[in-house]
Amino acid sequence: MSTETQNLKQKAVIVGGGPAGFATALMLAKRGWSEITVLEKRPSADFYEPDKSFNYLIDGRGQKFTDLLGFTDKLSKIGVPNTEFYLTEIKADGTCKTSKVPVVDPNRKTAYWLPRRAFLQLLYQEIEENWQDSIRVVFNTKCVKIDPRVEENLGESKLTILTQEINTENVFKLETNLLVGCDGINSVVRETLDHWDNSGTNQFKMQLFPSASSGLKYKVLTLPPNFPLDNNKSERAVCTMAYAIRSAFTDSQGGLSLGILPFADPNEPRTANIIRQPDDQIWKIQDGEQLYKFLESAFPQLPIPEIVSPEESERFAKSEGGFFPPPQYCSGLHWLVSAKNYSSGVVLLGDAVHCFPPDIGQGVNSALEDVSILNQALSQTNDIISDALPLYQSWRSPDLKPLTRLAQTAFPWQYNQDILRKRLWMINFLIRFLLSRGLPFIFSPPAFILIQNHQLSYREIWNKAEKTSKVLYLLLGLILVGSLLTLSFGYTIS
Ligand SMILES: Cc1cc2nc3c(=O)[nH]c(=O)nc-3n(C[C@H](O)[C@H](O)[C@H](O)COP(=O)(O)OP(=O)(O)OC[C@H]3O[C@@H](n4cnc5c(N)ncnc54)[C@H](O)[C@@H]3O)c2cc1C
């Protein structure tokens with residue numbers, strides 16, 4: 001047995017216990033890696049972060065990972081299937097309309113809605129119940145520094161990770177062969193690689209692209225479970241139902257709305273996303289009392305004091321909220337610390353290498369797909385780090401520009417930033433949809449629909465969308481030339 005094979009499936013340190021980090025830990029444990037440490041700066045897996053309490057829709061792409069670990073069944077029990085997605089719109093005058101959101105292709109895999117916190121807890125439970133011997137999750141601890149080291153006499157390399165406990169500020173060191181960066185958009189691991197990289201390619205620098213939704217500001221208002229939906233308190237919210245609660249305010253941005261997504265647990269608080277331009281009047285509110293007054297005039301159909309506690313009102317007013325990031329990715333997904341016998345390596349997954357506003361619901365699904373692809377690369381190379389990491393990059397990196405282009409274009413106008421642009425976008429969507437039904441060999445459905453097909457890679461989806469755009473431009477050009485010719489012919493005759 002070579003030194004290389006002896007060192008297989010040893011230690012891995014994962015920075016970040018978000019969806020990508022926990023999923024990678026589970027994947028490695030299933031592959032037989034025995035000493036996996038996850039470093040997470042939050043205090044627990046289910047730690048409630050009000051402004052990160054958004055809902056995920058785990059689709060077929062994300063389920064490639066849950067299938068691999070064999071817990072899609074558990075996911076289906078704690079999620080609301082998209083096949084049962086009902087939306088109730090409540091207008092300011094109190095009128096309500098419930099409609100079932102159509103499932104475009106019933107043959108696609110059922111996707112499940114659930115809160116981020118519930119998904120993280122599901123992954124963590126899986127670690128606690130089945131993989132305690134191989135996975136250690138260290139909460140309240142952050143990675144602060146990484147050092148590569150080659151031991152010339154042994155011909156081996158190691159990575160040393162310097163970590164710090166959040167509360168005590170105690171510092172300790174970890175050594176590993178494989179370091180996995182799953183530490184999100186402001187990844188310390190990626191920044192370190194960028195610092196080390198002197199190839200001149202900027203492969204670890206995020207490339208940023210514009211989008212109509214990036215820069216929008218959001219905050220999340222937490223409401224009680226089953227909150228009353230009218231002033232008589234005769235109707236109460238049902239956890240599995242989505243709500244769009246419209247305000248009495250109308251403006252060029254289409255008015256303010258509370259968007260509430262479904263989930264299965266009837267005891268979990270509901271979360272209303274408020275997404276507006278950064279200069280919107282709601283962000284100028286300074287304290288809980290002002291917010292009450294604002295919400296009462298904006299939503300006269302709701303008994304505001306019954307559904308927003310004074311503490312929540314104050315918290316919301318004082319919260320910084322967040323901004324949708326510009327779509328971005330980097331092309332470098334790995335780094336090898338090469339040695340004679342045994343190389344160590346760093347690999348990046350999830351938001352650390354691709355990040356965008358939530359328009360297309362692919363943040364978590366693309367992160368989980370990264371994990372499935374890394375699993376395939378490890379399988380094909382017998383878990384040899386120096387072979388697996390370049391293979392992972394060669395398979396995944398070509399998807400990232402198309403994914404970013406999809407994030408820029410597939411549904412950026414859904415937040416009512418500009419009603420005219422939204423309508424134009426809807427017309428474009430309808431044209432593509434109808435043409436693809438009538439002439440499926442020439443036209444593809446809109447990208448937003450294609451994304452739901454987990455069997456297509458992001459590359460394939462983007463190519464199909466581009467091909468349809470080209471045919472549409474050609475048709476438009478022909479119609480314009482035809483009209484001009486007809487006009488000039490008519491002019492000559494007369
Ligand atoms: C407002 C909003 C709404 C969204 N809605 C959706 C949606 O509807 N659907 C969807 O699919 N996606 C959505 N996303 C995106 C989605 O949340 C991310 O794509 C997904 O969480 C990526 O997972 P990740 O594990 O790569 O990163 P993260 O979820 O960001 O996890 C990174 C983890 O690393 C930890 N960490 C960071 N630095 C360190 C360090 N130095 N040491 C230790 N730990 C560290 C963090 O605490 C965090 O837990 C949304 C994002 C936002 C901002």
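Analyst: Two strands count as paired when DSSP finds at least two bridges between them. The model in question is predicted.

User: How do you know that E13 and E19 pair?

Analyst: E13 and strand E19 (residues 328–329) share two bridges in the antiparallel sense. The cut-off is at least two, so the pair qualifies. In E19, Gln328 is the bridge partner of Leu208.

User: What is the strand order in the sheet containing E19, and which strands are its edges?

Analyst: The order is E13-E19-E22, an open sheet of three strands with antiparallel pairing. Strand E13 (207–208) and strand E22 (354–355) are the edges, since each pairs on one side only.

User: Why are E9 and E11 called edge strands?

Analyst: They belong to another open sheet, ordered E9-E10-E11 and antiparallel. Strand E9 (141–151) and strand E11 (171–176) each have a single partner strand, so one side of each lacks a neighbour in the sheet. From one strand to the next, the twist averages 25°.

User: What makes E10 and E11 a pair?

Analyst: Strand E10 (residues 156–165) and E11 are joined antiparallel over six bridges. The test asks for at least two, so they pass. Thr163 sits opposite Phe172 in E11.

User: What makes a residue part of the ligand's surroundings?

Analyst: Its C-beta atom, placed from the backbone, must lie within 6 Å. The ligand is surrounded by 31 residues, the closest being Gly16, Gly18, Gly184, Gly350 and Gly363. H10 gives the largest share of the shell, four residues.

User: How does the shell around the ligand divide by class?

Analyst: It has 13 nonpolar, 12 polar and six charged residues. Gly counts as polar, so Gly16 and Gly18 fall in that class.

Terms used:
Residues numbered from 1 in each chain as written. Predicted model: local features only at pLDDT ≥ 70, side-chain atom pairs only at ≥ 80, totals over all residues. Axes fitted to C-alpha atoms, helices over the stretch in contact; angles between N-to-C directions.
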